[in-house]
Amino acid sequence: MPAVDGACGEGRRRIVSRSMRRLGLGRFSSAGLMLSGLMGVVSPEKFADALKLKPETPRGLTETRAGLGGGYAALGAWALVVDSRAARAAVGVTWLGAGTARVFGMQQDQPEPDAVFWLSLAMEFGLGLASLASAAKRG
């Protein structure tokens with residue numbers, strides 16, 4: 001009997017391990033989106049400063065919290081809770097949309113990119129592709 005239990009246990013571990021790898025990239029991407037949004041909600045001044053935005057009025061801070069914070073936080077949290085292929089795809093498309101808009105902005109606006117700018121671009125494309133890859137896998 002121990003051999004049978006061991007074989008069943010090993011099979012179960014392989015299934016769990018495969019599932020964790022499959023969901024890991026998508027969940028990581030969703031968590032990143034949620035945490036990025038939470039920073040905008042909790043600390044809009046620091047968030048805006050890191051992005052070189054200048055919300056100079058209470059309305060500007062509220063818009064930073066809502067648009068850059070609340071939207072990303074809600075989508076990331078929803079995707080973590082629902083944990084479906086569609087949710088992971090939505091997160092991936094959101095990241096890729098932000099990255100694409102950043103590249104477009106580089107051409108149109110010619111900003112002076114700093115380390116945060118390049119890190120943001122890498123995260124947007126990296127997490128976006130990771131999330132879409134996770135969504136594309138069966139299961």
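This is a short talk that walks through one protein structure, from its overall layout to a few individual residues.

Before anything else, please keep in mind that what you see is a predicted model, and that everything I mention was computed from it. Let me begin with the layout, where the protein has 5 helices and 0 strands, so that reading along the sequence simply gives the pattern α-α-α-α-α. Of the 139 residues in the protein, 31% count as buried, and the accessible surface comes to about 8,700 Å², with 66% of that area belonging to carbon and sulfur atoms. If we take the contacts with a separation of 6 or more, residues 24 or more positions apart account for 71% of them.

Let me turn now to the interior. Which residues make up the largest nonpolar core? That core consists of 6 residues, namely L33, A79, A87, V91, W95 and L127, and its largest share, 3 residues, is supplied by helix α4, which covers residues 85–109. As general background, nonpolar side chains in soluble globular proteins tend to be buried together. One of the core members, A87, touches W78, A79 and V82, once we set aside residues up to four places away in sequence.

A130 is another residue worth finding on the screen, and it belongs to helix α5, which spans residues 115–136. Is A130 buried or exposed? Its relative accessibility is 15%, and because buried means under 20%, A130 counts as buried. Leaving out neighbours within four places in sequence, A130 is in contact with L25 and G26. Measuring from C-alpha to C-alpha, A130 and V91 are 9.9 Å apart in space, while in sequence 39 residues separate them.

The structure also holds 1 aromatic pair. It is formed by F117 and W118, whose ring centres are 5.5 Å apart and whose planes stand at 85 degrees, and since planes over 60 degrees apart count as edge-to-face, that is how this pair is classed. The two partners are covered to unlike extents, in that F117 is buried, with a relative accessible area of 13%, whereas W118, at 43% relative accessibility, counts as partly exposed.

Next come the charged residues. In general, side chains of opposite charge can pair when their charged atoms come close. How many salt bridges does a search of the whole structure find? The search finds 5 salt bridges, and I will take you through some of them.

In one of these, R27 pairs with D83, and the closest N and O atoms are 3.8 Å apart. This pair links distant parts of the chain, for R27 sits in helix α1 and D83 in the loop between α3 and α4, 56 residues apart. R27 counts as partly exposed at 35% relative accessibility, and D83 is likewise partly exposed, with a relative accessible area of 26%.

In another, D114 forms a salt bridge with K52, where the closest N and O atoms are again 3.8 Å apart. Here D114 lies in the loop between α4 and α5 and K52 in the loop between α2 and α3, so the pair links parts of the chain that are 62 residues apart. D114 counts as partly exposed at 26% relative accessibility, but K52 counts as exposed at 58%.

A further salt bridge joins R102 and E124, with the closest N and O atoms 2.8 Å apart. This one connects helix α4, which holds R102, to helix α5, which holds E124, across 22 residues of sequence. Both R102 and E124 are buried. Finally on this topic, salt bridges that share partners join R27, D83 and R88 into one network.

Let me come back to the backbone for a moment. K52, although not a glycine, has a positive phi of about 65 degrees. Q110 is also not a glycine and has a positive phi, in its case of about 50 degrees. The place of Q110 is in the loop between α4 and α5, and at 64% relative accessibility Q110 counts as exposed.

I will end at the surface, where L35, L38, V41 and V42 make a nonpolar patch of about 340 Å². Among these, L35 lies in helix α1, which runs over residues 2–42.

How values were computed:
Residues are numbered from 1 along each chain as its sequence is written. This is a predicted model: local features need pLDDT of at least 70, side-chain atom pairs count only at pLDDT 80 or more; totals for chains, interfaces and linings use all residues. Side-chain values use heavy atoms; hydrogens and water are left out. Patches are made of residues with over 30% relative accessible area and no salt bridge: like charges are joined within 9 Å, nonpolar side chains (Val, Leu, Ile, Met, Phe, Trp, Tyr) within 5 Å. Accessible areas come from the Shrake-Rupley method with a 1.4 Å probe; for residues, only the protein chains shown count as cover. A salt bridge is a side-chain nitrogen of Lys or Arg within 4 Å of a carboxyl oxygen of Asp or Glu. Helices (H or I, at least four residues) and strands (E, at least two) are DSSP runs, numbered from the N terminus. A nonpolar core is a set of buried Ala, Val, Leu, Ile, Met, Phe, Trp, Tyr and Cys residues joined through side-chain atoms within 4.5 Å. Buried means under 20% relative accessible area, exposed over 50%, partly exposed in between (1.4 Å probe, protein chains only). Contact means heavy atoms within 4.5 Å. Rings of Phe, Tyr and Trp (its six-membered ring) pair if their centres lie within 6.5 Å; planes under 30 degrees apart count as stacked, over 60 as edge-to-face and the rest as tilted.
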